[in-house]
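Subject: Structure handover

Hi,

Here is the structure I promised to pass on. Please open it first, then read my notes below with it on screen.

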Amino acid sequence: MQENRRSRWYFGGLSSSAAACLTHPLDLIKVHLQTQQEVRIRMIGMIVDVVRRGGYLALYSGLSASLCRQMTYSLSRFAIYETVRDKMHRQNKGVMPFYQKVLLGAFGGFAGGFIGTPADLVNVRMQNDVKFPVELRRNYAHAIDGILRVWKEEGLRKLFSGATVASTRGALVSVGQLSCYDQSKQLVLATGYLTDSILTHFLASVFAGGCATILCQPLDVVKTRLMNSKLEYRGVLHCLTETAKLGPKAFYKGLVPAALRLIPHTVLTFIFLEQLRQHFGAAVIA
């Protein structure tokens, strides 16, 4: 009898939060690049500008909101995906076909994206605050303070500004990350050359991170603009139209920092997740 270990429902949130602590500066630079109306500063210039304005700690502006987002958005999508996948695996006594993984990943990501919208909105605002003059900054103390102030000052509806885009982006990211990771890991193991080791997890997660970046970047730009707006956009369609006026490249603003952030974040998330599963997961006798 061989003992395997199954991931627990909350491991995805923990591993994503740990990864976010290491990749947060790249996420912040990506948000700054995406909210430029015109491409004035590139990635290195933006890093220098942020540090000059607020010091090195400014690269970690909004970390509490980022962790809050991971413990809502990522925890939800991982919990849905892995719980349903493992249940179907036990019922069918075999792995799910890829199209079912895609559908499940999209559903989990859509639900997680909606649940995580308030924390995501505050995360974008806290990261962007350093760009404004001192008198115009929102100065949220932390994620919970930001959520409560948005609710009090702008209403509950504003907390879910951009929820449609955030949910759709969550679905695309989850297809790229969860479904593609599962499938690429399965294919790598099927070759017989590699075992269920960190190298396998690394290769599968690099591929998954690349897929997720390409799939979600246009929606990520629109989501960031909507969440950071001060009522200059009437809705998703208006934001799409205004962004399109800047040309097709506008939808891929910040692609390099997005890839440099999302791919390492994906790699770290799955390496942490697999280590949690192997050492602390629920034991299953196969």
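**Aromatic pairs**

The count of aromatic ring pairs comes to 5. One of them joins Trp 9 and Tyr 10. Their ring centres lie 5.4 Å apart and their planes meet at 85 degrees, so this pair is edge-to-face. An angle over 60 degrees is what earns that label. Trp 9 is exposed, because its relative accessibility is 53%. Tyr 10 is partly exposed, at 32% relative accessible area.

Another pair is stacked: Tyr 181 with Phe 270. Here the centres are 3.9 Å apart and the planes 10 degrees apart. The pair links distant parts of the chain. Tyr 181 sits in helix α8 (residues 163-190) and Phe 270 in helix α11 (residues 255-280), with their positions 89 residues apart. Are these two rings buried or exposed? Tyr 181 is buried, with a relative accessible area of 3%. Phe 270 also has 3% relative accessibility, so Phe 270 counts as buried.

Back to the start of the chain for one more point. Ring pairs tie Trp 9, Tyr 10 and Phe 11 into a cluster.

Before you go further, please note that this is a predicted model.

**The whole protein**

The secondary structure comes to 11 helices and 2 strands. Read from the N terminus, the order is β-α-α-α-α-α-α-α-α-α-α-α-β. The radius of gyration is 19 Å, close to the 19 Å that the globule rule gives for 286 residues, so the protein is as compact as a globular protein of that length. The C-alpha trace spans about 65 × 35 × 35 Å along its principal axes.

How much of the protein is buried? Buried residues make up 52% of the 286. Take the contacts with a separation of 6 or more: 81% of them are between residues 24 or more positions apart.

Now the surface. The accessible area is about 13700 Å², and 67% of that belongs to carbon and sulfur atoms. As for charge, there are 34 positive and 18 negative side chains. The centres of the two sets lie 2 Å apart.

**Three buried residues**

Start with Tyr 73, in helix α3 (residues 63-92). Its relative accessibility is 4%, so Tyr 73 counts as buried. Which residues does Tyr 73 touch, leaving aside neighbours within four places in sequence? Gly 109, Gly 112, Gly 113 and Gly 116 are on the list, together with Arg 169, Gly 170 and Val 173. Gly 13 is worth finding too: Tyr 73 and Gly 13 are 60 residues apart in sequence and 8.0 Å apart in space, C-alpha to C-alpha.

Next is Asn 123, in helix α5 (residues 117-128). Asn 123 is buried, because its relative accessible area is 3%, and the cut-off for buried is under 20%. Beyond its neighbours within four places in sequence, Asn 123 is in contact with His 24, Asp 27, Gly 62, Ala 65, Ser 66 and Arg 69.

Then there is His 238, in helix α10 (residues 236-244). His 238 has a relative accessible area of 16% and is buried. With neighbours within four places in sequence left aside, its contacts are Glu 232 and Tyr 233.

**Two backbone angles**

Most residues other than glycine have a negative phi. Which residue in the loop between α3 and α4 (98-115) should you look at? Go to Lys 93. Phi of Lys 93 is near 55 degrees, a positive value in a residue other than glycine. Lys 93 is exposed, with a relative accessible area of 75%.

Asn 139 has a positive phi as well, about 55 degrees, although Asn 139 is not a glycine. You will find Asn 139 in the loop between α5 and α6 (143-154).

**Where to look on screen**

If you have time for a few views, use these:

- The stacked pair of Tyr 181 and Phe 270, which links helix α8 to helix α11.
- Tyr 73 and its contacts, including Arg 169 and Val 173.
- Asn 123 and its contacts, among them His 24 and Asp 27.
- Lys 93, with its positive phi.

Best wishes

How values were computed
Residues numbered from 1 in each chain as written. Predicted model: local features only at pLDDT ≥ 70, side-chain atom pairs only at ≥ 80, totals over all residues. Heavy atoms only, no water. Helix = DSSP H or I, 4+ residues; strand = E, 2+ residues; numbered from the N terminus. Buried < 20%, exposed > 50% of the residue type's maximum accessible area, 1.4 Å probe, protein only. Contact = heavy atoms within 4.5 Å. Rg over C-alpha atoms; globule rule 2.2 N^0.38 Å. Areas by Shrake-Rupley, 256 points an atom, 1.4 Å probe, with all protein chains shown as cover. Lys, Arg positive; Asp, Glu negative; His and termini not counted. Charge placed at Lys NZ, Arg CZ, Asp CG, Glu CD. Phe/Tyr/Trp six-rings, centres within 6.5 Å; stacked < 30°, edge-to-face > 60°.
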